[in-house]
Amino acid sequence: MITVATRNGNPSKTELLRHERFDQLVEDVMNKNMTPEDRSEIAALLESMGWNDIRAAEIFGVENIFELASEIWDQIRQKVVTTAFTQNVQTGAVKMTFELVKSFLRGLIFALPMAISVISMLTLKFSLWSYQNLSVELATCIAIGTILSFVVVGGYTQAIARRGFFYIYQGYYKMARKATFLFIRFGYWTCLTVGVVIYLFNLIFNIFPPDMFMYILIFFFFLNSIWLSVTVMYILKRELTFTGLIVAGIGVVYVLFKVFKMDIIVSQLISISLVSIAGMGLVIYYFRSAEKREEKGIAPKMTRLSITIYSIMPYFIYGFLYFTFLYIDRVNAWSANNKDYMPYFIWFRGEYELGLDFALLALMIPLGVCEVLVNKMMMNIEASYKRYWGFETDKMNALFEKAYYRMIVIITATSIASAVLIYFVILWSDQAYVQSEGTHLIASEETEFVFIIAMASYVILAIGLLNAVILFSLSQPNLVNRAILPALGVNFVVGFLLSRWVDYTYAVFGLMAGAVVFAILSFKAMQSVFRRLDYYLYAIS
Amino acid sequence: MDYSSFSNQLYAMLHYGFAFVLLMIVWPRFFLRADSEDPLENVVALFAKAVCIYIILGYVLVVLQLYEVISVSIILILMSTRRFWRKGSAMVRSDSATAFYVWFYHLLEVGFRLKTKWLEARGKLTMTYKQVNLYKFQKSDPLLMLLLAGVLGAAAYVRFYDAVHNAAPALSDGSVTLAWMKFINNRLMFEEGIYPRGFHITLSLLSKFAAIDPLYILKYTGPLNGVLTSAAYYFVLSRLTGNKMAGVAGAALFGLGGSFFLGGDWERQAATNSQEFAYVFAFPALYFFLRYLEKGGRHSFWAGFAAVSITGFAHTLVFAFVGMGLAVAMIASVMTPAGRSWQRILIVCAAGIASVVLTYAPIQIATWAGIQYNDSAIQYLISTTEVTFSPLLTRDYIGLGAIALIALSTFIGWRDKKNRISEWFMVGMGAASFLLYYLVPVLTESIMLASRTGSLWALTICLCIGYSWWSIWRFASRLKWISLTESIAAGVAVIVLAGYVGLSPIGTYKMDWDSVFRQYLRISSMYPELAWTIFSQEEGYSLIYGEGWHEYISTLVNEYDPTGTPITGKGQDEYDPNVTKHMFVFEEKQVFRVPKTLDIYENLELGRYAKHEKEQKLLQEWMDIYIKAHGKPPIFYEDEHIRIWYLYRPEAEDKEWRRIGFN
């Protein structure tokens, strides 16, 4: 044991100095490894730091480096055992409110493009990729192109977000760019492959005539482009830029369509292509700018492709399943046979789409709240889990489980409130629209029916999404996938059966049933996670 | 679009072929088992089992109002992947997932190097080869293969000729079959009364997956049934006797025998009817049960059960015929002590009863639901008349001679017991079929039996003659060059047969002008489904049903005002919104008539054709007024028989709408 006592009981200056050097050395070792496995590892660390037997004997009077390692080991163990618990940093009400508002604002900004599109539709009668006077054939093409683009590119958006954030949070912008563009390339290749496959499929099965199919492919491709660039802007926190692009895009459509009297579809396609090219260009520019700010030093190599893919695969699968889940009821509804007029395998039904679109607004506020709740919970977990002894894990788990139930209550209440709010806003808007345009926004019973059921479904879905976000935060995407896969199955089966047996609008009950299953299964997954939270925290550390 | 053009036929046939191969050959490999050592037997067994399952599936899904491509595909996918879903399959799932991950990440690791890709492609080809288990031609006798291909090719040529050259369905039943197929497409099971719908379900399924107009499905399936029946002869006879030339003989007799062997039924070989569909499975069903009675085995039993059930689902008379064959097979089994098993005989007996219950169930359920039997069918079934013994024809003597030859060969070669059960079966089946044809109609005085048992007897003649080929050649099997001699003899026999019967493409009578059907196909290819209306006579109903809208000429001239906006009901101010804006009026410049030699002519002349003549005059008057009011409308098509007027109703709001070209 290195002691610092002197003859008279007081430490001499040399000994004090030696003591300080010893403490410094302990700290250096701990900087290298906070929790070394044993004495041998410390000895190895000392050697790597330039220590040898002679130097150890000279400075600390020990026989060799192993004795010194032994001393440091004892010191570290003592230090670990006696380190006081850090106290939770209490988040003040003002700060909390600020965080909440910030999250909401970000959510609102992210929803701005949607709002601008809606306003554009209501005032100009067109937006970037929709037009009020489209024939049902064209609407069908655009709807299929849109759904396909979401389903195909959904996995890539999740992968980009996950991997992009992963590097950006560490300040590795160059790596973030490389990873992001890797997935963008994959996205385009997949888009191309899917395009070829569905072209061949259509060739064999004659689902749509060639001219309709061309529109499907064009919209599918360009919308894919847009979603990919939106995702990158999202991870770079450039949502306003995208809003600007949408505004500019609508402006281009206006000029081409109204001023130059070009065909609306041609105008929109030109505009969409400009927006996607500009979007990609801006994304490259933003990355370059960020890279300039990046700390120069050792540039880590990118992980091998297989490892990168392996690490994001569950998120990719989730993205695919999630968007399929969101759209499968539309496929059910639009493919249900209408004996009066059903010229193609899938036939767009505007009444259904409109009901779902309005209902989707109800999800905006709960999603904002969800983000805030999860952020707060993760901060709490991070701050407080070190305050518990090993034998107190049950206590910790129970505490957070309780907190989780509170979150469920909050998100449920918020979702219901949001749904009620949106319901009345839509009713009011409908009246206002009647006064200004002479027609109803919700012009049919079908739309109203779908709107109400879908809104209830989204309220339930919000609970599932809260669970999903928490599970993602705990790096448990497989648990989310295990919940959403059966939910997707239920969504499809229930929607398919009801749309065939009752009416096509009843496909929305598939969405509801799927949302219920997703909420229940993800809730069960959450319960199992919180009952073993210590394990899951250890797993992600 | 010219119906009989090479490109159009190639396009339609490729689609048809794709659907047939997918549904009948490839997909069944994934959800059914066939573990015989004989690849051809596996192909036939899987085909029979798959068709049986499709029919049951069709019945269930139509009743549940869920019949469509999505539901059928999902059920088949679930069935194909059931090893992953059933209880206790966690290990299978896990292993498969691991294998997939290993493959996938390995692919990422090694990149897309050419060598790897080549090896994988080669591996896949091998796997595909193993999966599909294609018939191994390389081990076969080339002369035999050539002869078989020639026989089947010629059988296909004479049968498909009409289908390729004429768009109009063959015979009077064609439009009924077409309509019933379309009813199934629209989830209507017994729309025109109770009648076994197994064949129509199969047609409908093919039309769903082929994605071509149902008319093509109708036109191709009938001839294909005949070719498949020929192939079934080859399969059954070659497997029963072990002599492939016997199989070729049977296939040639049925495939090329013409009206000499098949009588009036020869024309039906180019038409599409349930009876001919049931023929495809009749003898394979008996073959599989004979095999089961002889050797046992689940494979034979289930294949036989499926094939028997298909005949029950498709055609009651053929089902009864197969039932008779089954009884004969059981007797043959009893008479063959070497392979006799009372347990197997009882099981076959039970299977027959189960098949009756299974195939009768939809009919019984429909009667419980208050649906009436199909009028024509039930009338035909119960009608009686005075029936005299049929004069025996040359083919009958040949058939009886073949039966005698088999019997004689059995006794001469008594010590060779290898094929004893099938020898008894052939003698018994031949005798029973002859009695069914010759005696039973006289005893029962049934019109149906009098007119149809002849074709069953003809079927058996082909079988017995084919079998007798082996009965003759078996004694010469040890002679030198016998194989070559037999092949040459078979080739000569086939040529002589074709020459003797004057083989030529089968021509069939039609119920309407061919151009009506061709122009319908043109219209339906130009406009989306249900976006157009055709005004024509009643022959157009089954043709247009489900694709566009059909209205009668009488409706147009009686209920619509020619001076109003196209088209406005009499006494109305505005056009009829229920009629599509694209309208085609089929005017017959010359009313179609079936040949006077046909039995049905007289009734048609008195009823339908007289009405048509009257209505065509009314239509001309209606069109004259229309032309005065609106000017001459475009003529969509015209020839010496028909003229098709195109009426169009423009819609004011169209200008504001952005549409795809065709609107």
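Which helix gives the most to the nonpolar patch? That place goes to α24(B), with five residues. Helices here are DSSP runs of H or I with at least four residues, strands are runs of E with at least two, and both are numbered from the N terminus. The model is predicted, so to speak of local features a pLDDT of at least 70 is needed, side-chain atom pairs count only at pLDDT 80 or more, and totals for chains, interfaces and linings use all residues. Residues are numbered from 1 along each chain as its sequence is written, chains are lettered from A and ligands numbered from 1 in the order in which they are written, and side-chain values use heavy atoms, with hydrogens and water left out.

Back to that patch. Its members are Leu143(B), Leu146(B), Trp481(B), Leu484(B), Ile488(B), Val492(B), Val496(B) and Tyr500(B), and together they offer about 870 Å² of accessible area. Accessible areas come from the Shrake-Rupley method with a 1.4 Å probe, and for residues only the protein chains shown count as cover. Patch residues have over 30% relative accessible area and no salt bridge; like charges are joined within 9 Å, and nonpolar side chains (Val, Leu, Ile, Met, Phe, Trp, Tyr) within 5 Å. Two helices of chain B, α8 (142-165) and α24 (482-501), each supply at least two of the residues. Val496(B), in helix α24, is exposed because its relative accessible area is 52%; exposed means over 50%, buried under 20%, and partly exposed in between.

Chain A has a patch of another kind, a negative one formed by Glu47(A), Asp53(A), Glu63(A) and Glu67(A). Asp and Glu count as negative and Lys and Arg as positive, while His and the chain ends are not counted; a charge is placed at NZ of Lys, CZ of Arg, CG of Asp or CD of Glu. Asp53(A) sits in helix α3 (residues 53-60) and, at 38% relative accessibility, is partly exposed.

As for chain B as a whole, it holds 28 helices and seven strands. Its C-alpha trace spans about 90 × 80 × 50 Å along the principal axes, and 56% of its 663 residues are buried. The radius of gyration is 28 Å, which agrees with the value near 26 Å for a compact globule of 663 residues; it is taken over C-alpha atoms, and the globule rule is 2.2 Å times the number of residues to the power 0.38.

Salt bridges come next: a side-chain nitrogen of Lys or Arg within 4 Å of a carboxyl oxygen of Asp or Glu. Over all chains there are 30. In one of them, Arg239(B) pairs with Asp38(B), with the closest N and O atoms 2.5 Å apart. Arg239(B) is in helix α11 (residues 214-241) and Asp38(B) in the loop between α2 (28-31) and α3 (39-63), so the pair ties together parts 201 residues apart in sequence. Both residues are buried. Glu538(B) and Arg608(B) also meet in a salt bridge, at 3.9 Å from N to O, and belong to a network with Glu539(B), Lys611(B) and Glu615(B).

The backbone has a few oddities too. Most residues other than glycine have a negative phi, and most peptide bonds are trans. Pro566(B) and Ile567(B), however, are joined by a cis peptide bond, with omega about -15°. Ser475(A) has a positive phi, near 55°, and lies in the loop between α15 (445-473) and α16 (477-501) of chain A.

Note on methods. Buried means under 20% relative accessible area, exposed over 50%, partly exposed in between (1.4 Å probe, protein chains only).
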